[in-house]
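Here are some notes to read alongside the structure. Take them one at a time, and find each piece on your screen as you go.

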Amino acid sequence: MRWYTISVSIVRGFEYVVSNNFWRDLSRPFFILAPMEDVTDVVFRHVVSKAGKPDVFFTEFTNTESYCHPEGTYGVRGRLTFTEDEQPIVAHIWGDKPQYFKEMSIGMAKLGFKGVDINMGCPVHNVATKGKGSGLILHPDLAADIIQAAKAGGLPVSVKTRLGYNDLEEWRDWLTHILKQDIANLSIHLRTRKEMSVADAHWELIPEIKQLRDQIAPDTLLTINGDIPDRQTGLKLAEQYGVDGIMIGRGIFHNPFAFEQEPREHSSDELLDLLRLHLDLHDKYAAELTLRPFKALLRFFKIYVKGFRGASELRNQLMQTKSTAEVRELLSTFEQNADAVIEENVMKN
């Protein structure tokens, strides 16, 4: 027999039943790969899974208005593509119109997502200044309406946000407001919108934030994000502060093995094998979907090509490539030359 965690939300006269709240079934602390625009698509998520799989995946940002457009399902399908081995996976969505969140949440349930996560933290100027992403911090009533609308699909609704818009002192009122909305999980990037990702994350506020959560919404799980490079750091923070979840974002660019259970040194061959996997997956999904162009892959090369002799030169050469075939050819030439040098040194000795 299969048991499900069930909760009920009453929203303006309507009863929304949330069944199979996967958040409740996770071992704690759980680890999440943060949603990152133009990064966390089905291709890169599978590369991360190979290196060290997190407990929960989020999609990259998907615009509710685009999804609800007559041709939107086709236009955003690359952002919403996932495979069953990525479960539990959560649709990370954004916008400013509650009716679109309602429609999209119903669609996400039909597609097989396990949850819906609302972006209330994106600091990008042309998003925030239009009252979307972190701009919702300045429109708390609208933020509440969006959360309730997103419950229409019956999936657990979570929120990813920041401490405030301009001032750090905003955090208490803003988080109090969000915690009152009966959400499954609250992920907090421990900076304000104004601080972007420049200032140090405000870990010092975690005890007060947790106390606030315990007082207002003890059933809402609390996840922290910001300046967390790997699982080991996350485990220490979870033990120290008693939070439920850890979210790693930019740290994955420094260490693709950030989620591995037992940390160890990784060879250049392992890193380059991950790059080859990334290329193979890009080609596979480019044939099936309308994905981003090859040029978008260039930002990933720094993840895999580092820490070994000749890495800087190889990376510079890779940045000039125009196709995955060219990348593979360069990698093959580099490794042949490296093998030749090793063989020459052996012969000399």
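1. Start with helix H10, which covers residues 231–241; keep in mind that this is a predicted model. The residues buried here are Arg-231, Gly-234, Leu-237, Ala-238 and Tyr-241. If you look down the axis of H10, these buried residues lie within an arc of 120°, so they line one face of the helix. Turn to the other side of H10 and you will find Lys-236, Glu-239 and Gln-240, which are exposed.

2. What do the buried residues of H10 pack against? Their partners are strand S3 (30–33), helix H9 (206–216), strand S10 (221–225) and strand S11 (245–248). Have a look, too, at the residue just after H10: Gly-242 has a positive phi of about 75°.

3. Next, follow one of those partners, strand S3. Phe-30 and Ile-32 point to one side and Phe-31 and Leu-33 to the other, and all of these residues are buried, with both faces of the strand covered. S3 runs parallel to S11, and four bridges join the two strands. One pairing you can check is that of Phe-31, whose bridge partner in S11 is Ile-246.

4. S3 also pairs with strand S4 (residues 56–58), again in the parallel sense, through two bridges. Here Leu-33 of S3 has Phe-57 as its bridge partner in S4.

5. Now go to helix H9, another partner of H10. Which residues of H9 are buried? They are Ile-206, Ile-209, Lys-210, Leu-212 and Arg-213. Seen down the axis of H9, they fall within an arc of 155°, so these residues line one face of the helix. That set packs against helix H8 (171–179), strand S9 (185–189), S10 and H10.

6. The pairing of H8 with H9 deserves its own visit. Their axes are 10 Å apart and the helices pack at an angle of about 35°, in a right-handed crossing. On the H8 side the contact involves Trp-171, Arg-172, Leu-175, Thr-176 and Leu-179, which meet Glu-208, Ile-209, Leu-212, Arg-213 and Ile-216 of H9. The residues of this contact divide into six nonpolar, one polar and three charged.

7. For a second helix pair, find H1 (residues 42–52) and H12 (residues 268–288), which pack at an angle of about 145° with their axes 9 Å apart. The crossing of H1 and H12 is right-handed. H1 brings Val-42, Val-43, Phe-44, His-46, Val-47, Lys-50 and Ala-51 to the meeting, and H12 brings Leu-274, Leu-277, His-278, Leu-281, His-282 and Tyr-285. Sorted by type, the residues of this contact are nine nonpolar, three polar and one charged.

8. Finally, stay in H12 and pick out Leu-272. Is Leu-272 buried or exposed? Its relative accessibility is 2%, and the cut-off for buried is under 20%, so Leu-272 counts as buried. Leaving aside neighbours within four places in sequence, Leu-272 is in contact with Tyr-304, Val-305, Phe-308, Leu-331 and Glu-335. As a last exercise, locate Asp-219: this residue is 53 residues from Leu-272 along the chain, and their C-alpha atoms are separated by 43 Å.

Key: Residues numbered from 1 in each chain as written. Predicted model: local features only at pLDDT ≥ 70, side-chain atom pairs only at ≥ 80, totals over all residues. Heavy atoms only, no water. Buried < 20%, exposed > 50% of the residue type's maximum accessible area, 1.4 Å probe, protein only. Arc of directions from axis to C-beta. Contact = heavy atoms within 4.5 Å. Axes fitted to C-alpha atoms, helices over the stretch in contact; angles between N-to-C directions. Left-handed = near helix turned anticlockwise from the far one by under 90°. Nonpolar A, V, L, I, M, F, W, Y, C, P; charged D, E, K, R; others polar. Pairing = 2+ DSSP bridges.
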